[in-house]
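Reader: I have a chain open and don't know where to begin. Can you walk me through it?
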Amino acid sequence: MVKTYGPDKLTVDRMLPIKALANAAKHSHYFTGKPCKRGHVVPRDARGECIECARILNSSEYKKAKKPRRLLTPEEKAERRRTYYLSRRDELKEYRQINKDKIKSQKQQYWKKNKDELKQKSKKYNEANKDRMAEANRDYYEKNRETIRQRKREYYLKNREKFLQRQREYRQRMKRKSD
Ligand SMILES: [Zn+2]
């Protein structure tokens with residue numbers, strides 16, 4: 001017997017390849033033929049969730065293995081955040097791409113509206129963490145001394161003409177003053 005999916009008993013060969021089409025046709029599932037982020041090539045439900053992923057996430061072994069957040073060590077928390085981030089990365093990227101201008105103007109508006117407060121906050125933060133930040137900077141410099149030097153040198157070489165020009169202008173100005 002051919003396997004069917006959902007209350008509408010869809011077979012894979014009757015499924016539509018795109019979520020929007022499936023939603024419009026009120027299909028419970030659709031099938032893109034492409035692997036999900038975990039590599040399953042199986043139908044997706046109407047929300048776009050891979051049904052194999054959904055099965056795993058709902059399985060009792062998985063739920064048992066998944067500790068409640070408060071019992072996680074910081075490392076496990078970071079790992080979970082990372083897994084979540086990776087699983088959503090493409091989605092977020094697409095979202096940001098589509099809404100680039102909107103996000104930018106929102107940020108600008110937010111900044112404009114809260115400028116004084118934000119400046120104040122950042123000043124306070126810097127003030128409170130002055131020593132720590134100076135130390136962090138020093139550490140960073142110590143550890144990356146060679147890279148920093150190299151970068152400075154590359155920057156200089158790239159902009160040498162500009163620097164030399166500026167120097168010449170400066171000297172001329174000084175000379176004119178002393179004349
Ligand atoms: Zn999957």
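Author: Keep in mind that this is a predicted model. Of the 179 residues of the chain, 6% count as buried.

Reader: OK, and what box do the C-alpha atoms fill?
Author: Along the principal axes, the C-alpha atoms take up a box of roughly 100 × 40 × 40 Å.

Reader: How does the radius of gyration fit with a compact globule?
Author: The chain has a radius of gyration of 29 Å, while a compact globule of 179 residues would have one near 16 Å.

Reader: Switching topic. How many helices and strands are there?
Author: The chain has 8 helices and 2 strands. Read from the N terminus, the order is α-β-β-α-α-α-α-α-α-α.

Reader: Which domains does the chain have?
Author: The assignment gives domain 1 (12-65), domain 2 (68-98), domain 3 (103-128) and domain 4 (138-178).

Reader: What separates the centres of domain 3 and domain 4?
Author: A distance of 32 Å, with the centres taken over C-alpha atoms.

Reader: Back to the buried part. Which residues make up the largest nonpolar core?
Author: That core has 6 residues: Y5, L10, M15, A22, Y30 and F31.

Reader: And what does Y30 touch?
Author: Leaving out residues up to four places away in sequence, Y30 touches M15, L16, P17, I18, K19, A22, P43 and R44. Two of these, M15 and A22, are also in the largest nonpolar core.

Reader: Last one. How many contacts join residues at least 24 apart?
Author: Among contacts between residues at least 6 apart in sequence, 10% do.

Definitions and conventions:
Residues numbered from 1 in each chain as written. Predicted model: local features only at pLDDT ≥ 70, side-chain atom pairs only at ≥ 80, totals over all residues. Domains from an automatic or database assignment. Helix = DSSP H or I, 4+ residues; strand = E, 2+ residues; numbered from the N terminus. Rg over C-alpha atoms; globule rule 2.2 N^0.38 Å. Buried ≥ 20, exposed ≤ 12 C-beta atoms within 10 Å, placed from the backbone. Contact = placed C-beta atoms within 7 Å. Core = buried A, V, L, I, M, F, W, Y, C linked by C-beta atoms within 7 Å.
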